[in-house]
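Let's take a walk through a protein model together. Keep the structure open while you read, and find each residue as it comes up.

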Amino acid sequence: MRSLTLSMLMAAALPAAAVAADAAAGKQKALQACAVCHGQVGIAAVPETPNLAGEPEGYIGRQLRAFRSGKRQHEVMGVIAKPLSDEEIDNLAAWFSSIKVTATAP
């Protein structure tokens, strides 16, 4: 019984993104709002723009929330992130983190 209670407490402490993010919905939103600069699969299409493919889900979510709140400043990203809901941010983070990236050393 004690381990069940501990398991329930741990599950309740998980962030919402770990429980209910929808990568397919994130992909659809990314194609609408992100692809012009970050590319259709998270590989930047514009110089000086970061790749998002394969980045950790938590990192992407934190950065989008920071842009949305104004804590992190960027002329374009502030405008893009401002109307995003927490669910949309979680879904975008799930999508970009689900993309597999490989690297080959020279």
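Is K29 buried, exposed or partly exposed? With a relative accessible area of 22%, K29 counts as partly exposed, because buried would mean under 20%. Keep in mind that this is a predicted model.

## A bridge from K29

K29 has a charged partner: E88 forms a salt bridge with it, and the closest N and O atoms are 3.5 Å apart. This pair links distant parts of the chain, since K29 sits in helix α3 (residues 23-33) and E88 in helix α7, 59 residues apart. E88 is partly exposed too, with a relative accessible area of 26%.

## Helix α5

Now look at helix α5, which covers residues 57-69. How far apart are its end C-alpha atoms? They are 18 Å apart, and that agrees with the 18 Å you'd expect for 13 residues at 1.5 Å a residue.

Some of this helix is tucked away: the buried residues of α5 are I60, G61, L64, A66 and F67. What covers them includes α6 (75-81) and α7 (86-98). Here's a handy rule to try on that list: an α-helix has 3.6 residues a turn, so residues three or four places apart point the same way. Right after α5 comes G70, which has a positive phi, near 95°.

## A network around R65

R65 belongs to helix α5, and its side chain meets that of D86 in a salt bridge (3.4 Å, N to O). D86 is in helix α7, 21 residues away in sequence. R65 also forms a salt bridge with D90, where the closest N and O atoms are 2.8 Å apart. D90 lies in helix α7 as well, so this pair ties together parts that are 25 residues apart in sequence. Salt bridges that share partners join R65, R68, D86 and D90 into one network.

How open are these residues? R65 is partly exposed at 27% relative accessibility, and D86 is partly exposed at 40%. D90, in contrast, is buried, with a relative accessible area of 11%. The model has four salt bridges in total.

## Out on the surface

V41, I43 and V101 make a nonpolar surface patch of about 250 Å². I43 is found in the loop between α4 (35-38) and α5, and it is partly exposed, with a relative accessible area of 44%.

Finally, look for T102 in the segment after α7. T102 counts as exposed because its relative accessibility is 76%, and exposed means over 50%. T102 and G54 are 48 residues apart in sequence, but 9.2 Å apart in space, C-alpha to C-alpha.

How values were computed
Residues are numbered from 1 along each chain as its sequence is written. This is a predicted model: local features need pLDDT of at least 70, side-chain atom pairs count only at pLDDT 80 or more; totals for chains, interfaces and linings use all residues. Side-chain values use heavy atoms; hydrogens and water are left out. Helices (H or I, at least four residues) and strands (E, at least two) are DSSP runs, numbered from the N terminus. The expected span of a helix is 1.5 Å times one less than its number of residues. Buried means under 20% relative accessible area, exposed over 50%, partly exposed in between (1.4 Å probe, protein chains only). Contact means heavy atoms within 4.5 Å. Patches are made of residues with over 30% relative accessible area and no salt bridge: like charges are joined within 9 Å, nonpolar side chains (Val, Leu, Ile, Met, Phe, Trp, Tyr) within 5 Å. Accessible areas come from the Shrake-Rupley method with a 1.4 Å probe; for residues, only the protein chains shown count as cover.
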